[in-house]
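Good morning. Please keep the sequence and the model open while I talk, and stop me if a term is unclear.

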Amino acid sequence: MESSSRYQGYSKSQLIARIAELERGRDDLVKARVREKDSAPSSPTISVQNEGGAKKNSKRTKAPRPFDVSSQPCRKIALRFSYDGAPFSGLAAQNRLSTPLPTVEAVLWEAMCAIRLVDPSKGMEGSGWSRCGRTDRGVSAAGQVVALWVRSRKVNEWPQRLEWQRAKALAVRRSELRKGVLESQELNYVQSLNRVLPPSIRIQAWSPVRPDFSARFDCLYRHYKYFFPAGAPRAILPGLSKEGAESDTDSSFGGLALGTGPRLDIEAMRDAASRLLGDHDFRHLCKVDSSKQITNFRRRIDGASIDLVSRGWPTSPKPVADESSSSSLSKAGKEEEEMYVFNLRGTAFLYHQVRHIVAVLFLVGARLEKPSIVDELMNVEKGRIAADKLDLKLAKLDRGQDGQGGGGVRWWLPHSTTMEEEERAQVEDGGDHRRMGIARAISKQRRTTSRSPSETKGLMVYETKPAYEMASDRPLVLWECGFRPTDVGWRAGSYDGPVVEGERSKIGRGLEDCRSTAVRTTAELHATWHREAIRAEMARHFVLASAPPSSGLLASRTNYDQARFPHLAESEDEEGPSGGSTSDEVRRDRSMVQPLGNGTSKPANTYHPLGVRPRDDSVEEKNQRWLEGVGKRRAEKRGITAMQLAKGVIGKVVARD
């Protein structure tokens, strides 16, 4: 990609940030070269006698020998890394398309080439590159994973790599058959890459993997997080008076944050989120990508919950007590604007599926839709959601579970990716008697249970998708990609031996190396958080410094304590929706603002429920239109069919006269 086209879409702030990142990377490279130069042995000095008999010293100059990565030992590894998606055009590298911002993979690949971990001439395909979860522009990741072949000091897996290259019909050069000199310690991949990568991308750990490992197909689950605040308290945005409520001059005020939306009903959102558990058809909760020609939209959700975000640095996975979402808010609860996170775990996801789900949850939280709208959008044909709920109930028969636990809804699916590996193995190896008992229970349940439970009666059938806008991309984070412990063992240092949980003492000296690298990476990430936390606190104080909404007036002077502890005047309007309402209550008041996340919303004078909105074309119509249009034209240029193109066949560009 040319530099002129790469930076055409940059804003001033983005250009400044990019220049700063490049300068930091340049400084790191200069320092590294200086260290290498200082540690390198000096060139031999040759004494030469001139015609006058005097001796003259001169250094023998020799052209540097080119470094051939392909002639070095190699191994296949997986890398786990985090990145802030704001300054990037998504994760995946775009080979044929220019993007206004660089992609995460392109920056990561350039860093690997710079420190000679990979051969640039082979490209990403030649290195066996595979990614776990593709993220779009603006979406971040805390535990993204890629796998590829890289240079090694300690292991030489060229025979296995050559077999892989032949299976992929890739060319094999003679230089690749050389045997490099092996050493006792492996390269520190984490530390080496973090030295040249921008601060927005941090390598967390690496792991040796088997030659046929795929970051995509060996992944057991993907866990997403979507962050959002509960909404502005009434002290910031008090409701209008009765006279103002009857006026149509400003339909986007009335107790709502003009830019963020209303104060959300967290309990209603939790009710809606719990309906996602199990195996469902999500065609109306995603964006159909016709270029993939997908016909099966059934996906399994193993865990779904809306949780209060903890403050500080917790040292145990304990849930945070959430008192602000109760129907009777305390005075402290009314003053707070708590941060929540929507946790979603599944075995696979569709295009924009998470952001579509969050958009519907926001409609429920704003009391514009009932929680049952989630069931209706997955009810793609008559009786479909009833059958799905029955299957989910049968999946919970083990141990007498009925989906309820601790007095509330169980947020995870038993015997799924939400369980520990050892616990799942015990269930799977329970013996023939256990399996026969469950089979008899399932058979009895199917005979005695109606296919149309009472809770699914009266639900609307959505044969096609209603028109609605998906949630913002910025708060979405790919939190984790899960793998079998036998496939992946993450470590931060150069130690490349086995990693077994609970047996860290066997690692020996390698553990100290891992800790040392982890301390450096964590310190760098904490410094980034430190800067952002200060910015967030300053922004909060700017709100406190503004004119209070209760009066719209500011004092000409304050006493010292008022300046020490800035505050907003308490609103006299205590009526109206706050944090608590029944699950089936739908907002019918004057303001119809649809929250979209990340401080954005969509105001409207009148809200039109999803059931009466215009419908999209069916999946079959979209797929057929692509095959006969865009897909056909693209495929003809490569001499293949549109269906082959959709299945990933690349083909060759056909020359035209």
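Arg 116 sits in the loop between α3 (104-114) and α4 (123-126). Helices (H or I, at least four residues) and strands (E, at least two) are DSSP runs, numbered from the N terminus. Before going on: this is a predicted model, where local features need pLDDT of at least 70, side-chain atom pairs count only at pLDDT 80 or more, and totals for chains, interfaces and linings use all residues. Residues are numbered from 1 along each chain as its sequence is written, and side-chain values use heavy atoms, with hydrogens and water left out.

Back to Arg 116. Its phi is near 65 degrees, a positive value in a residue other than glycine. Is Arg 116 buried or exposed? Arg 116 is partly exposed, because its relative accessible area is 44%; buried means under 20% relative accessible area, exposed over 50%, and partly exposed in between (1.4 Å probe, protein chains only).

His 352 also has a positive phi, about 60 degrees, although it is not a glycine. His 352 lies in the loop between β10 (339-346) and α10 (353-365). With a relative accessible area of 11%, His 352 is buried.

A third positive phi, again about 60 degrees, belongs to Asn 598, in the turn of the hairpin that β14 and β15 form with two residues between them. Strands β14 (residues 592-597) and β15 (residues 600-604) are antiparallel and pair over five bridges; two strands pair if DSSP finds at least two bridges between them. Within this pair, Val 593 stands opposite Pro 603.

Now to strand β3, residues 74-83. How many of its residues are buried? Ten of its ten are. In a regular strand the side chains alternate between the two faces of the sheet. On one side of β3 we find Cys 74, Lys 76, Ala 78, Arg 80 and Ser 82, on the other Arg 75, Ile 77, Leu 79, Phe 81 and Tyr 83, and both faces are covered.

Which strands pair with β3? One is β5 (residues 140-151), which runs antiparallel to β3 and is joined to it by nine bridges. Lys 76 stands opposite Trp 149 there. Another is β6 (residues 201-208), also in the antiparallel sense, over seven bridges. In that pairing Ser 82 stands opposite Arg 202.

Strand β5 comes up again with the cavities. Rolling a probe the size of a water molecule over the atoms shows where empty space is left. A cavity here is a set of points, on a 1 Å grid over the protein atoms alone, where a 1.4 Å probe fits but cannot get out; lining residues have an atom within 4 Å of a point. The count is three cavities of 30 Å³ or more. The largest has a volume of about 70 Å³, a volume being the space filled by probe spheres set on the points, which are joined across faces, edges and corners. It is lined by 14 residues, and the closest to its centre are Val 69, Leu 117, Asp 119, Trp 158 and Arg 161. Two elements, β5 and α5 (158-167), give two or more residues to this lining, and β5 has the largest share, three residues.

Last, a contact between distant parts of the chain. The C-alpha atoms of Ser 291 and Leu 627 are 8.3 Å apart, with the two positions 336 residues apart along the chain. Ser 291 is in the loop between β8 (278-281) and β9 (298-308), and is partly exposed at 24% relative accessibility.

Key:
On a 1 Å grid over the protein atoms alone, a cavity is a set of points where a 1.4 Å probe fits but cannot get out, and a pocket is an open set with protein on both sides within 12 Å along at least five of seven lines; lining residues have an atom within 4 Å of a point.
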